[in-house]
Amino acid sequence: EGTRGALVDFITQFHNFIEQRPELLKVRLYELVGSFVDAAMLGGGNAQRLDDLAHTYTSDIDLIKDLETACSWIEKVAVDVADSIVHVRKRRMNALVARAITYVQDNYERPLSYRDVAREMGISPSYFKSLFKAETHTTFVDSLTDLRIETAKSLLLTSDTTITHL
């Protein structure tokens, strides 16, 4: 929502600027494509995909004849570029959480904290906690506790181990 609000504000300012200097419409659109694509690459976007999008967008600019079309086009470009970054970020987040879960499953029998897992993942403990919660919809402590309880239940049901030996 914050991004959409910023985009609306930007388009309003862009609209006002171009109304005063209509001869700069296409120049500003080319600049926007470059800025959007550069920002997306810095954000971890796929360079080939972004280059392909940039080529398509720059070809589109020649077809834009009025300010209203330009403003709609800017919104589409911004959404497409943002989507290319979101997918990269989402894959990275999923991969980190998946690695963390595997690490916890391999090490749940020993004392383990979210700080230990964050260190193993190479990220800050606070970022790990928020990322884990966002991806799994549970806290790290609750997840670790659930794993330990489920493992204990399974051992009680499938082995000769008694509760005093767990």
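With a relative accessibility of 66%, H137 counts as exposed, where exposed means over 50% relative accessible area, buried means under 20%, and partly exposed lies in between (1.4 Å probe, protein chains only). H137 is a good place to begin a walk through this structure, since its place is in the loop between α6 and α7. Its phi is near 65 degrees, a positive value in a residue other than glycine.

Before going on, a word about what you are looking at. This is a predicted model, in which local features need pLDDT of at least 70 and side-chain atom pairs count only at pLDDT 80 or more, while totals for chains, interfaces and linings use all residues. Residues are numbered from 1 along each chain as its sequence is written, and side-chain values use heavy atoms, with hydrogens and water left out.

How confident is the predictor? The score to look at is pLDDT, the predictor's confidence in each residue, from 0 to 100. The chain averages 87, and 92% of the residues score at least 70. Among the elements of the chain, helix α5 (residues 114-121) has the highest mean pLDDT, 94, and helix α4 (residues 67-107) the lowest, 83. Where pLDDT is low, the predicted coordinates should not be read in detail. As for the names, helices (H or I, at least four residues) and strands (E, at least two) are DSSP runs, numbered from the N terminus.

Let us step back from H137 into the helix that it follows, α6. This helix has 12 residues and reaches 16 Å from its first C-alpha to its last, close to the 16 Å expected at 1.5 Å a residue; the expected span is 1.5 Å times one less than the number of residues. Which residues of α6 are buried? They are F128, L131, F132 and E135. These residues cover an arc of only 100 degrees around the axis, which puts them on the same side of α6. The arc is that of the directions from the helix axis to the C-beta atoms.

Now for the rings. The structure holds 5 aromatic pairs. One of them is formed by F128 and F140, which meet edge-to-face at 5.7 Å centre to centre, with 70 degrees between the planes. Here, rings of Phe, Tyr and Trp (its six-membered ring) pair if their centres lie within 6.5 Å; planes under 30 degrees apart count as stacked, over 60 as edge-to-face and the rest as tilted. F128 belongs to helix α6 (residues 125-136) and F140 to helix α7 (residues 140-158), so the pair ties together parts that are 12 residues apart in sequence. Both F128 and F140 are buried, and together with F132 they form one aromatic cluster. Another ring, that of Y114, has the charged end of K129 over it, 4.8 Å from its centre. A charge sits over a ring if NZ of Lys or CZ of Arg is within 6 Å of the ring centre and within 35 degrees of the ring normal.

Turn next to helix α2 (residues 25-42), whose 18 residues should span 26 Å at 1.5 Å a residue; its end C-alpha atoms are 26 Å apart, which agrees. Its buried residues are L25, L29, L32, V33, F36, V37 and A40. They cover an arc of only 120 degrees around the axis, which puts them on the same side of α2. After the helix comes G44, with a positive phi near 100 degrees.

Two residues of α2 deserve a closer look. V37 is buried, with a relative accessible area of 6%. Not counting residues up to four places away in sequence, V37 touches L50 and A54, contact meaning heavy atoms within 4.5 Å. The C-alpha atoms of V37 and V81 are separated by 6.9 Å, although the two are 44 residues apart along the chain. M41, also in α2, counts as partly exposed at 30% relative accessibility. With the same sequence neighbours left out, M41 touches A47, L50 and D51.

Our last stop is helix α3 (residues 47-61), where 15 residues should span 21 Å at 1.5 Å a residue, in agreement with end C-alpha atoms 21 Å apart. L50, L53, A54, Y57 and I61 are buried in α3. Seen down the axis, these buried residues fall within an arc of 105 degrees, so they line one face of the helix. On the other side of α3, Q48 and H55 are exposed. D60, also placed in α3, counts as partly exposed at 26% relative accessibility.
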